[in-house]
Amino acid sequence: MTEKTPHFNTIIVGSGPAGLGAAFHLAVSGGHSVLIVEKKQVSSGGLRNDCKQNYTYPVGFPTALWDEREATELLIEVAGILKPEYQSRTNIARYVTRAARLGAKLLEIRQAHVGTDKAVDLIHGLIERLRRMDVTVALQTEAIGIDHDNHRLWVNHAPGAYEYNNLILAPGRGGFAWLQNCMSGLGIDYVDNVVDVGIRVETRERNYPIVRDYYDPKILFPNGVRTFCTNSRAAYVVRERYQTYYSVNGHSFSSAHEPNGLVNFAMLKTIGLTDPVAAGQQFGRILGEMAMNLAGGKPMMQRVGDFRLGKRSKRETFNEDLYDFAPTLASATPGDISLAVPGKILRDIWRALKMLDTIVPGVLHPSTILYYPEIKTYANRPAFIDEYFRVKNDLYMIGDGAGTSRGITAAWASGIRAAKGILAERKV
Ligand SMILES: Cc1cc2nc3c(=O)[nH]c(=O)nc-3n(C[C@H](O)[C@H](O)[C@H](O)COP(=O)(O)OP(=O)(O)OC[C@H]3O[C@@H](n4cnc5c(N)ncnc54)[C@H](O)[C@@H]3O)c2cc1C
């Protein structure tokens, strides 16, 4: 006798914030069956990492797809589940004024921070809550294919397939390639023409004291440059492997960890591509590989003191005299980032850094380290057929992998939007 294929009203691929946002909204509405399929033991995206949650539009929201009213409304629902403890923000009026005088803008946003060491507990707690609301969660189960004509999702082990009424794909940035395959297979058009390229700055906290008043200061500079993902207290720079290169990134541990007196943050420039290189991922790969070629297969680092003098940094002198703190990403290669960063990008970022040094004097101390590359590629954004991120009847694509978000809370809000679409269709 053959086993019947298990059936769910809604199947969600990916248990990152986008998938969880959809699952919670559907579960709270009740009355239908939901399955989450997650290929890892624990969800792998930003919830799993530093987990800074931003609760102010437009941080994390691609403005082409979101307006302030809707994002703000959904962020209330996100906060209702995640129960953020907002960081206090004090004494920032002087920074706001200085930024405005220079033509930059310091965004005043609501933030909460969990910390890399506590994020796993948060995720386990969320999954448990979903299970108590009768959501089925299949961990270590990878979605490998879709037969949408027959509403069937193939997975990599028993039962081998599931049937659905509605399917939400939320595989995150790590699921780019898979999602792209799905889109090609289903005849869904997509674009991928944006990439963020920049450097990660590491300095002593005393050189960037704004973080004592504002945990992750978001500052917008001219020419599409912005600060991104600031980490302090117990902060480390890490490298992440992308197929042919490493990109740097930053982490910090929760306040339970011993502080190391360092801060790191990214200065990113957003680049929109047209023709003939119209793929952000392709451009990111070209730049990443260039940096790897120059730095022996590792990210590069340079002290600001050397950079200002147009000299490469060297291993022998990297920790001498004024260069009085050790890099947290010690495996990076001391070098000359200006050999690797395209001129237009470096010019705009350096100009923004000089502005930042006027807003928060001290950040360009000679000891400050510039790591390169930090590259954020974005999704192949599908052609959506409605405001619920539907790409075909009964099929939705959401989260960072589909270009509907660039951060935890916006990804979660994307999930809510898709769930609303499903509920509006009443095919549950
Ligand atoms: C190191 C790091 C730190 C970050 N820190 C922050 C931060 O502090 N604050 C912030 O706002 N944003 C942060 N981000 C960005 C944030 O992670 C994303 O915006 C957010 O997680 C996107 O949510 P998502 O649900 O779209 O994707 P993800 O969170 O990536 O989740 C996708 C999930 O789908 C699973 N999956 C993929 N393919 C399949 C498949 N075929 N079958 C089954 N499961 C699959 C993955 O394992 C993953 O768990 C960080 C990102 C990284 C990489």
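Two strands count as paired here if DSSP finds at least two bridges between them, and strands themselves (E, at least two residues), like helices (H or I, at least four), are DSSP runs numbered from the N terminus. With that in hand, Met301 has Pro334 of β18 as its bridge partner.

The structure above is a predicted model, where local features need pLDDT of at least 70, side-chain atom pairs count only at pLDDT 80 or more, and totals for chains, interfaces and linings use all residues. Residues are numbered from 1 along each chain as its sequence is written.

**The sheet and its helices**

β17 (residues 300-303) pairs with β18 in the parallel sense, over two bridges. Both belong to an open, mixed sheet of eight strands, ordered β4-β12-β13-β16-β11-β19-β17-β18. Its edge strands, β4 (105-107) and β18 (333-334), each pair on one side only.

Two helices meet these strands; contact means that C-beta atoms, placed from the backbone, lie within 7 Å. Angles run from 0 to 180 degrees between N-to-C directions, with axes as lines fitted to C-alpha atoms, for helices over the stretch in contact.

| Helix | Strands touched | Angle |
|---|---|---|
| α3 | β4 and β12 (218-221) | about 145° to β4 |
| α9 (residues 343-359) | β11 (194-204), β12, β13 (225-231) and β16 (262-272) | about 135° to β16 |

How much of α3 is buried? A residue is buried if 20 or more other C-beta atoms lie within 10 Å of its own, exposed if 12 or fewer, and partly exposed in between. Helix α3 (residues 93-102) has one buried residue among its ten, so it lies largely in the open. Gly103, just after α3, takes a positive phi of about 90°.

**Gly272 in β16**

Strand β16 includes Gly272, which counts as exposed because it has 10 C-beta neighbours inside 10 Å. Leaving aside neighbours within four places in sequence, Gly272 is in contact with Asn193 and Val194.

**The core**

A nonpolar core is a set of buried Ala, Val, Leu, Ile, Met, Phe, Trp, Tyr and Cys residues joined through C-beta atoms within 7 Å. The largest one has 121 residues, and Ile11, Ala23, Leu370 and Tyr371 touch the most other members. Helix α10 (residues 408-425) gives the largest share, nine residues. Domain bounds come from an automatic or database domain assignment. Because domain 1 (7-88 + 114-191 + 379-425) and domain 2 (195-377) both contribute residues, this core lies between them.

Not counting residues up to four places away in sequence, Leu370 touches several residues, among them Ile199, Val201 and Met301. That last residue brings us back to the start: Met301 is the bridge partner of Pro334 in β18.
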